[in-house]
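Visitor: I have a protein model to look at. Could you walk me through it?

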Amino acid sequence: MSTIESVLVENRVFPPSEAMQKAARIGGMDAYNALCKEAEDDFQGFWARHARENLVWDKPFTQVLDESNKPFYKWFADGQLNASANCLDKHVGTPVENKTAIIFEADDGTVTKVTYRELLDRVSQFANALKAHGVKKGDRVLVYMPMTVEGVIAMQACARIGATHSVVFGGFSAKALQERIIDGGAVAVITANYQLRGGKELPLKAIVDEALAMGGCESIKNIFVFERTSTACAMVAGRDKTFTEVLKGQSTDCPPEVVDAEHPLFVLYTSGSTGKPKGVQHATGGYLLWAKMTMDWTFDLRAGDIFWCTADIGWITGHTYVAYGPLAAGATQIIFEGVPTYPNAGRFWQMIEKHRCTIFYTAPTAIRSLIKASETDEKVHPKNWDLTSLRILGSVGEPINPEAWMWYYRNVGGERCPVVDTFWQTETGGHMITPLPGATPLVPGSCTLPLPGIMAGIVDEAGNELPNGAGGILVVKKPWPSMIRTIWGDPERFKKSYFPDELKGYYLAGDGAVRDAQNGYFRITGRIDDVLNVSGHRMGTMEIESALVAKTDLVAEAAVVGRPDDVTGEAICAFVVLKRSLPHGDEAKAIAKELRDWVAKEIGPIAKPKDIRFGENLPKTRSGKIMRRLLRSLAKGEQITQDTSTLENPAILTQLDQTY
Ligand code: PRX
């Protein structure tokens, strides 16, 4: 583990407006501090109070935190509830019942609205269809769906019957899908014939077929296919059924299956520092509690808000702030099927205007690419749309650089809307360190302070707390309800990855961070392991290396590092030794393309290396260790100032200079 030093030079501070402070749930720093103090003074009482106030329990809990088998913490363990009932049924008989739950805008701009009542009926009906096909409590169901109302219905229906969903992002390959089906032992797949993105019809079901044809997926008994478009797709008799078929005759009444608070609500795979993605397992009660509370706290949700989180349901952000949080909080939300650049890069702004969006939550990569687009084409600049409906902006997934923050604040938020830079992870279930719109003075590029109840800290490699101003390792010193419970099927890896012995039982986030010397604000300095963040997507360098060397006819060895990129945050740079002679010119370009296409097939297009460099070997020490630090310098195009005398073959550096 290495730590990263501070380079912060940011003096601008934006306090909340008086009006926002007055109206907010947590209005002002005194209110924030009071909540933090409540959590400090009576940790369990704090969480118990919120769990009672925010969730509907079928059987009330009497235990709060069970620490008897650390780090396998349990929360509200003797309580029982159902997540779907807490998102839908609980609104029946309240003004929310007939409120719009989802404003769905399709890729082509078609808008459909669904009320909470209708959503409950549709989730129940699909839940009944799942049950009719033998899917039951405790089963795993793989969801490979486009961003649609049906995607949310699939997840909610699983939750309703107590099945554990495992959503795989629609951009992942057949191979990635097959690995996740096998690892989770899924009994069914919920997918669509096609997905529509940027005016293109892209296959989904065909990729599921390909995954199953790879073998090892015998646990799958049923494939449910949502007919997103009218184009036919291949169907296997007996195994594959369309939504229309399975929904026929199913009742819209499906009593929710009551589960224990610790029942696994979902498993979501994410990249780690080995080649194999980790199945992050979340529990029902604690996860849902934090999804609901952070909607109220971080976004200060109001009855009239139109909330829009642009994340895909295939990522944790789409789980917590599309499929669960907004519904548990009774919000009206926008779900968008398409991409921000189609039909042009003004799509987000146009949609905010059209739907009178009030809270907009997106990723720095999207902001940076839209800044770039508006610099070359005035017509897609946000100033061309009426964005006055907005009151809060959010950022998630990667550090937001101060320039992008300022642009977002000025041009999208009209210098009126606080920007909440939310730091969190797949493993944390919900926000961890974030400003509160009615309380926290904002500093561009800083995620500011931990939410009340989240005991974040910065330590050295022995777990000792560091003073403000010193960069170190980000940890969470106490468990919290929405934390990862285990890695599916690999409790040892869970312990080793997140609770290493040397860190005093603290949760290791995997990021470096520094607290501001004056105000104690946190700033995330980036991953301290072999995980890259490309466009806000987590990618393991080892995962990409394994994919490259799996091309056994061509690749002898590969090393992958990240380098900074203006738009995507980090870019993937692969150093490759081929089994043939060193290629040059067009031949090298052709091989680089072949390798990119290969990685897209092995993992998905998001893992394609941006840069590929070929060498006859890789820079290694005499003891055979790849010199990754040197590769990182090469990838950045830096002058090599490091000592290369220990390098086995210094001449290699000139070969590796050429990017394809
Ligand atoms: O490195 C941090 C970065 O994204 C990682 C988590 O990635 P993932 O599990 O895919 O979840 C992304 C969506 C929550 C973190 O370890 N990260 C996330 N949010 C921020 C961030 N880095 C800096 N600032 C953030 N706001």
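Guide: What follows is a set of short questions and answers about this predicted model.

Visitor: In what order do the strands of the 4-stranded open sheet stand?
Guide: The pairing in this sheet is antiparallel. Its edge strands, β21 (456-459) and β25 (522-527), each pair on one side only. Neighbouring strands are turned by 45° against each other on average, direction ignored. The order is β21-β22-β24-β25.

Visitor: Which residue in β24 is the bridge partner of V476?
Guide: Strand β22 covers residues 472-476, and strand β24 covers residues 507-515. The two pair in the antiparallel sense over 4 bridges. In β24, the partner of V476 is Y507.

Visitor: What is the average twist in the sheet of 7 strands?
Guide: This open sheet has mixed pairing and runs in the order β5-β4-β17-β16-β18-β19-β20. The edges are β5 (111-115) and β20 (419-422), and each pairs on one side only. From one strand to the next, the twist averages 20°.

Visitor: Which residue in β20 is the bridge partner of L393?
Guide: Look at strand β19, residues 392-396. β19 and β20 run parallel and are joined by 4 bridges. In β20, L393 has as its bridge partner V419.

Visitor: Is strand β29 largely enclosed or largely open?
Guide: β29 spans residues 569-578. Of its 10 residues, 8 are buried. A residue counts as buried when its relative accessible area is under 20%. So the rest of the structure leaves β29 largely enclosed.

Visitor: How many residues lie between β28 and β29 in their hairpin?
Guide: Strand β28 takes in residues 555-565 and pairs with β29 in the antiparallel sense over 10 bridges. One pair to find is P564 opposite E570 in β29. The number of residues between the two strands is 3.

Visitor: What is the handedness of the β-α-β unit made by β29, α17 and β30?
Guide: Start with the strands: β29 and β30 (residues 611-615) run parallel, joined by 5 bridges. F575 stands opposite R613 in β30. Add α17, and the β-α-β unit is right-handed.

Visitor: Which elements are among those that cover the buried residues of α7?
Guide: Helix α7 covers residues 174-184. Its buried residues are A174, A176, L177, Q178, R180, I181 and G184. Just after the helix, G185 takes a positive phi of about 60°. The cover includes β6 (140-144), β8 (188-192), α8 (205-213), β14 (264-270) and α17 (585-602).

Visitor: Is V267 buried or exposed?
Guide: V267 sits in strand β14. Leaving aside neighbours within four places in sequence, V267 touches T164, H165, S166, V167, G279, V280, Q281 and W488. The relative accessible area of V267 is 2%, and the cut-off is under 20%, so V267 is buried.

Visitor: How far apart in space are V267 and A574?
Guide: In sequence, the two are 307 residues apart. In space, C-alpha to C-alpha, the distance is 30 Å.

Visitor: Where is P71, which a cis peptide bond joins to K70?
Guide: The bond between K70 and P71 has an omega of about -5°. P71 itself is in the loop between β1 (65-66) and β2 (74-75).

Visitor: Where is P343, which a cis peptide bond joins to Y342?
Guide: The omega of the bond between Y342 and P343 is about -5°. P343 lies in the loop between β17 (332-336) and α12 (347-355).

Visitor: Is K504 buried, partly exposed or exposed?
Guide: K504 has a positive phi of about 60°, although it is not a glycine. Its loop runs between α15 (491-498) and β24. Its relative accessibility is 48%, and exposed means over 50%. So K504 counts as partly exposed.

Visitor: Is S535 buried, partly exposed or exposed?
Guide: S535 is not a glycine, yet it has a positive phi of about 55°. S535 lies in the loop between β26 (531-534) and β27 (537-540). Its relative accessible area is 22%, and buried means under 20%. So S535 is partly exposed.

Visitor: What name does UniProt list for residues 32-87?
Guide: In the model, this span is 48% helix and 11% strand. Its end C-alpha atoms lie 27 Å apart. The name comes from an unreviewed UniProt entry: "domain: Acetyl-coenzyme A synthetase N-terminal".

Definitions and conventions: Residues numbered from 1 in each chain as written. Predicted model: local features only at pLDDT ≥ 70, side-chain atom pairs only at ≥ 80, totals over all residues. Heavy atoms only, no water. Pairing = 2+ DSSP bridges. Axes fitted to C-alpha atoms, helices over the stretch in contact; angles between N-to-C directions. Buried < 20%, exposed > 50% of the residue type's maximum accessible area, 1.4 Å probe, protein only. Contact = heavy atoms within 4.5 Å. UniProt positions renumbered as here; feature names shortened; annotations may be inferred. Right-handed = clockwise from strand over helix to strand, strands pointing away.
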